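Got the viewer open? Load the model below and keep the selection box handy.

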Amino acid sequence: MKFFADTADIDAIKELNDLGMVDGVTTNPSIIKKSGRDIIDVTKEICDIVDGPVSAEVTAIDAETMIAEGRKLAKIADNIAVKVPLTWDGLKACKTLSDDGTMVNVTLCFSANQALLAAKAGATFISPFIGRLDDINLDGMELIEDIRTIYDNYMFDTQILAASIRNVNHMKDAALVGADVATAPPSVIQAMAKHVLTDKGLDAFLADIKAADIKIL
């Protein structure tokens with residue numbers, strides 16, 4: 001499973017990239033607003049760091065303006081994936097931009113029917129929002145499973161990008177049900193390395209090393 005970092009924090013992206021723990025980045029206007037920087041400048045800097053897809057979201061809601069914005073965003077770098085909402089206008093924009101040869105990430109997906117439409121429109125990525133479904137007592141992972149079945153049935157190339165990930169269990173479950181990509185905040189990716197038994201075992205090792213006065217350097 002590919003890891004995308006859901007952030008515009010340049011330092012965090014660099015750290016994950018250096019470790020080989022990031023295959024792409026997802027951003028949106030809300031995330032970039034927190035950085036206090038220009039959307040084009042931040043996006044270009046991220047594209048220079050990461051080789052994989054960098055999702056940059058349009059701000060319009062009508063197809064014509066989404067297409068215009070998407071074409072402008074696509075000029076930032078070759079690894080831009082234009083992010084559009086899963087609306088009828090968003091699907092129109094997806095089709096046009098995909099036909100242009102631009103990667104498109106169709107976001108705010110909450111049903112298998114929506115995911116099927118996005119694949120038919122040529123989406124590179126479909127972003128089902130796991131956490132937001134969980135928030136209203138629906139099973140976000142069940143949606144991933146349904147989309148996986150549909151895409152496999154008809155051999156769609158659209159990649160399932162598990163989004164709105166809130167915790168390490170979401171990461172594990174997304175991998176188990178076959179998501180192609182998971183996008184998560186850097187803090188969640190880092191938390192995947194933590195386990196109470198690892199900490200306990202390390203404490204025991206350190207105590208033994210100290211008691212035996214073992215030194216390597």
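What follows is a short walk from the core to the surface. Keep in mind that this is a predicted model.

**Stop 1: the main core.** Start by selecting Val84, Val106 and Ile126. These are the residues with the most contacts inside the largest nonpolar core, which has 61 residues. Now colour helix α8 (residues 140–154): this helix supplies the largest share of that core, six residues.

Stay on Ile126 and show its surroundings. Leaving aside residues up to four places away in sequence, Ile126 touches Leu86, Val106, Cys109, Ala115, Ala118, Ile147, Tyr151, Thr158, Gln159, Ile160 and Leu161. Apart from the main core lies another one, of seven residues, and Phe4, Phe125, Leu161 and Ala163 are among them.

**Stop 2: the aromatic pairs.** How many aromatic pairs does a search of the whole structure find? There are four. Select Phe4 and Phe125 to see one of them: the pair is edge-to-face, 5.7 Å centre to centre, with 75° between the planes. Phe4 sits in strand β1 (residues 2–6) and Phe125 in strand β6 (residues 125–128), so this pair ties together parts that are 121 residues apart in sequence. Both Phe4 and Phe125 are buried.

Next, jump to Tyr154 and Phe156. Their ring centres are 6.4 Å apart and their planes meet at 55°, so this pair is tilted. Add Tyr151 to the selection and you have one aromatic cluster, made of Tyr151, Tyr154 and Phe156. Switch on the surface here: Tyr154 is exposed, with a relative accessible area of 57%, while Phe156 is partly exposed at 22%.

**Stop 3: a glutamate in a strand.** Is Glu57 buried or exposed? Select this residue in strand β3 (residues 54–57) and take a look. At 16% relative accessibility, Glu57 counts as buried, because the cut-off for buried is under 20%. Show the contacts of Glu57 and, not counting residues up to four places away in sequence, you'll pick up Thr27, Asn28, Pro29, Ile39, Leu73, Lys83 and Thr107.

**Stop 4: out to the surface.** Finish by selecting Leu202, Phe205, Leu206, Ile209 and Ile214, which make a nonpolar surface patch of about 490 Å². Zoom in on Leu206, in helix α11 (residues 196–212). Leu206 is partly exposed, with a relative accessible area of 48%.

Key
Residues are numbered from 1 along each chain as its sequence is written. This is a predicted model: local features need pLDDT of at least 70, side-chain atom pairs count only at pLDDT 80 or more; totals for chains, interfaces and linings use all residues. Side-chain values use heavy atoms; hydrogens and water are left out. Rings of Phe, Tyr and Trp (its six-membered ring) pair if their centres lie within 6.5 Å; planes under 30 degrees apart count as stacked, over 60 as edge-to-face and the rest as tilted. Helices (H or I, at least four residues) and strands (E, at least two) are DSSP runs, numbered from the N terminus. Buried means under 20% relative accessible area, exposed over 50%, partly exposed in between (1.4 Å probe, protein chains only). Patches are made of residues with over 30% relative accessible area and no salt bridge: like charges are joined within 9 Å, nonpolar side chains (Val, Leu, Ile, Met, Phe, Trp, Tyr) within 5 Å. Accessible areas come from the Shrake-Rupley method with a 1.4 Å probe; for residues, only the protein chains shown count as cover. A salt bridge is a side-chain nitrogen of Lys or Arg within 4 Å of a carboxyl oxygen of Asp or Glu. Contact means heavy atoms within 4.5 Å. A nonpolar core is a set of buried Ala, Val, Leu, Ile, Met, Phe, Trp, Tyr and Cys residues joined through side-chain atoms within 4.5 Å.
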